[in-house]
Amino acid sequence: MTDKFHTELKDLKKSVSEMARFAFSMLQDSQVAFINQDDALATTVIDRKDQLREMTVTLEETCYQLIALNQPMAKDMRTIVCSLKVIAASERIGRYGKSTAKIVKEIAGKPHIANMMSLPLMSEYVLTMIDDAITAYETENKMILDGFSARDDAVDALRQSIFRESITHMMENPKTITQATFYIIIARYLERCGDHACKIAENVLYMETGERVEIK
């Protein structure tokens, strides 16, 4: 491949990384807004959705053009395929941030139930997983992804715990039904974001080794 192609491939990875970090910031800020009941911060997350979509479309087109014009092979092709997967997963993560921000605006001003149960801890777990997956993509260091499956299991266990605790509060006090239902939804969003982090991790491993690995 030409030097021009490899320069364009390097630029693509940099842009995809920036897009992934942008989506990450949407989810991270939505969690801060939820914990602090920050309606204004939630609004800024929602307002970023159009920029996220524009970045997604532009980067996907760049990937397709690189494939069509250069017919890459081996590691180069895997890098472009991985980049497409990172773009798709990142868009979903950002959109879950937007959806969480919308919930924040629904429950702003209402006291949290049971100190938000384990949602802040679950959020920390998931955000760290996403950050590590993006870093592995940026640095091509697959060692960062060691133990990812166990971390995903921990996130799943937290979601189940939050679900059970929310149901208990609903049964004991019907006035908590709306709030507790939103807690269950946010926990589900976080679980899905953790799954998307695993998908990024799987594709980074494929990019680096050429082998398909399922994180489950």
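**Group meeting: a walk through a helical model**

Okay, let's start with helix α4, or rather with what comes right after it: α4 is followed by G109, and the phi of G109 is positive, near 90°. Before I go on, please keep in mind that this is a predicted model.

So, α4 itself. This helix has 34 residues, and from its first C-alpha to its last it reaches 50 Å, close to the 50 Å expected at 1.5 Å a residue.

One residue I'd like you to find in α4 is E91. Is E91 buried or exposed? With a relative accessible area of 14%, E91 is buried, because the cut-off for buried is under 20%. And what is E91 in contact with, once we leave aside its neighbours within four places in sequence? The answer is M19, L52, R53 and T56. Take M19 from that list: E91 and M19 are 72 residues apart in sequence, yet their C-alpha atoms are 8.4 Å apart in space.

Now let's look at who α4 packs against. A quick reminder: for two packed helices, we talk about the angle between their axes and the distance between the axes. For α4 and α7, the angle is about 170° and the axes are 9 Å apart. That makes the two helices, α4 and α7, roughly antiparallel. If you sort the residues of this α4 and α7 contact by type, you get 16 nonpolar, eight polar and seven charged.

Next pair: α1 and α5. Here the packing angle is about 175°, with the axes 10 Å apart. So α1 and α5 are also a roughly antiparallel pair. Who makes the contact? On the α1 side, the residues include V16, A20, F24, L27 and F34, and on the α5 side they include L119, V126, I130 and I134. There are charged residues in there too, among them K13 and R21 of α1, and D131 and E138 of α5. Overall, the contact of α1 with α5 divides into 13 nonpolar, five polar and four charged residues.

While we're on α1, have a look at K14, which sits in this helix. K14 is exposed, since its relative accessible area is 52% and exposed means over 50%. How far apart are the C-alpha atoms of K14 and Y137? They are separated by 10.0 Å, although the two residues are 123 residues apart along the chain.

On to the core. The largest nonpolar core has 70 residues, and the ones with the most contacts inside it are F34, L119, I130, F148 and V204. Which helices feed into it? Each of α1, α2, α3, α4, α5, α6 and α7 supplies at least two residues. The largest share comes from α7, with 16 residues.

Let's zoom in on I130, one of the residues with the most contacts inside that core. Leaving aside neighbours within four places in sequence, I130 is in contact with F24, L27, I93, C193 and A197. You heard F24 and L27 a moment ago, as part of the α1 side of the contact with α5.

F148 takes us to α6, where it is one of the buried residues. This helix, α6, has 25 residues and reaches 37 Å from first C-alpha to last, close to the 36 Å expected at 1.5 Å a residue. Besides F148, the buried residues of α6 include V155, L158, I162 and M170, and also D152, D156 and S166. What covers the buried residues of α6? The cover includes α5 and α7.

Last stop, the loops. Between α1 and α2 you'll find Q37, and its phi is positive, near 50°, in a residue other than glycine. Q37 counts as partly exposed, at 26% relative accessibility. Then go to the loop between α4 and α5, where A114 has its place. A114 isn't a glycine either, and its phi is positive at about 50°. At 36% relative accessibility, A114 is partly exposed.

That's my tour, thanks for listening.

Note on methods:
Residues numbered from 1 in each chain as written. Predicted model: local features only at pLDDT ≥ 70, side-chain atom pairs only at ≥ 80, totals over all residues. Heavy atoms only, no water. Core = buried A, V, L, I, M, F, W, Y, C linked by side-chain atoms within 4.5 Å. Buried < 20%, exposed > 50% of the residue type's maximum accessible area, 1.4 Å probe, protein only. Helix = DSSP H or I, 4+ residues; strand = E, 2+ residues; numbered from the N terminus. Contact = heavy atoms within 4.5 Å. Expected span 1.5 Å × (residues − 1). Axes fitted to C-alpha atoms, helices over the stretch in contact; angles between N-to-C directions. Parallel < 35°, antiparallel > 145°, perpendicular 65-115°, else oblique. Nonpolar A, V, L, I, M, F, W, Y, C, P; charged D, E, K, R; others polar.
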